[in-house]
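Grab a pencil and work through these short exercises on the chain shown here. Try each task before you read its solution.

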Amino acid sequence: MRVFVTIQHPAHVHFFREAIAELEAAGHEVSVFMRDVEIAADLLESYGIDYEVLAPTSDSLPSLARSQARYELALLRRARREEPDVLTAIAEPAVAHLSTLLSCRSVVFTDTEHATLGNALTFPFADRVCTPEAYMDDLGDKQVTYPGFHELAYLHPDRFEPDPSVVAEAGVDPDERLVVLRLIAWEALHDVGGGGFADAREVVDELERHGARVVITAEADLPPDLADRRATVAPEDMHHLLAHADLFVGESATMAAESAVLGTPAVYASTLELGYLEALESEYGLVVNTTGEDRQAEALHRASSILASHEETDWAGRRERLLADCVDTTDVILSQVADGLARRPTAEIDAPRPVAERR
């Protein structure tokens with residue numbers, strides 16, 4: 001079969017890369033398309049995945065509308081020429097729109113409730129929308145839920161093993177207490193209006209007061225007095241650093257979840273609330289969500305408590321319980337793409353519970 005995969009964010013590369021490799025190994029044709037997103041392109045190249053850029057990235061609603069129109073027209077031309085069987089993406093309107101025009105199926109994945117514009121443009125046209133069970137919204141009959149998280153598509157232990165040499169090459173002493181701090185730029189469309197830390201300098205000072213080395217990964221430039229703490233590992237190697245860290249603190253929901261499924265406790269500071277992070281906190285105790293007005297003070301208080309009690313807490317045991325409850329999300333992707341080809345109206349993934357039943 002022919003499968004189109006579209007990429008809008010670096011995290012989408014991680015999400016689909018194992019499925020792309022398995023589909024191609026099985027003899028299927030996979031075409032990958034994207035907007036001009038630099039880090040995503042770097043990741044695709046590092047994993048040896050061929051791709052085509054169809055439109056530039058955008059930084060405002062007007063430019064997004066122009067870019068989306070250009071993107072969808074280019075994708076439509078490719079689809080008419082190559083006749084794909086299945087289009088798949090993470091909450092991408094184009095794949096859903098094209099499947100209503102052409103004789104193909106769209107399988108959309110999402111875990112982000114607050115991406116309201118993208119969701120509204122995508123879900124009504126998609127043939128199927130796949131979400132983790134923790135997703136808070138009811139999307140109707142086309143929704144398929146599964147017990148797991150996006151991050152287990154590439155960080156499940158069957159697919160990822162931490163490499164200590166990556167940590168050593170980054171200049172991190174294996175016996176050193178390590179905290180990874182993530183700062184985002186708040187420029188993505190679904191981040192607009194949100195907020196995280198008010199003072200990065202204060203965050204670093206408090207974490208270092210506990211004897212931790214702080215390594216920062218940031219989307220924007222850092223202040224001169226924090227520049228020497230920027231992470232030196234390549235983007236594709238960041239997960240090795242997260243697996244080694246004693247604690248993750250940051251504004252990125254994805255990296256908080258990545259840390260959690262790797263067994264590294266995470267403190268998430270953001271006004272944006274997500275169902276999967278709530279589940280990682282309430283069911284497994286691997287994430288602390290601080291989303292209120294005093295989120296920086298609360299985040300630092302909870303981070304300090306974790307660092308003080310780190311050796312006494314069975315983080316590995318909490319992760320094992322999570323893994324026992326969840327599926328390998330790449331298997332979900334593969335089964336849903338295959339089911340999209342068969343064009344059956346329903347599918348089961350280890351007996352996922354209907355939305356109504358889990359409420």
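**Exercise 1.** Find what share of the contacts between residues at least 6 apart in sequence join residues at least 24 apart.

*Solution.* Start with the term: a contact means heavy atoms within 4.5 Å. Next, keep the contacts in the chain between residues at least 6 apart in sequence; 60% of them join residues at least 24 apart. Bear in mind that this is a predicted model, where local features need pLDDT of at least 70, side-chain atom pairs count only at pLDDT 80 or more, and totals for chains, interfaces and linings use all residues. Residues are numbered from 1 along each chain as its sequence is written, and side-chain values use heavy atoms, with hydrogens and water left out.

**Exercise 2.** Work out what percentage of the chain is buried.

*Solution.* Buried means under 20% relative accessible area, with a 1.4 Å probe and protein chains only. Of the 359 residues, 56% are buried.

**Exercise 3.** Describe how the chain is divided into domains, and how far apart their centres are.

*Solution.* First, the bounds come from an automatic or database domain assignment. Domain 1 covers 2-156 + 327-339, and domain 2 covers 166-323. Their C-alpha centres lie 27 Å apart. Where the two touch, domain 1 puts in 21 residues and domain 2 puts in 22.

**Exercise 4.** Give the box that the C-alpha atoms fill, and the distance between the mean positions of the charges.

*Solution.* Along the principal axes, the box is roughly 60 × 40 × 40 Å. For charges, count Lys and Arg as positive, Asp and Glu as negative, and skip His and the chain ends. Each charge is placed at NZ of Lys, CZ of Arg, CG of Asp or CD of Glu. The mean positions of the 30 positive and 65 negative charges are 6 Å apart.

How values were computed:
Buried means under 20% relative accessible area, exposed over 50%, partly exposed in between (1.4 Å probe, protein chains only).
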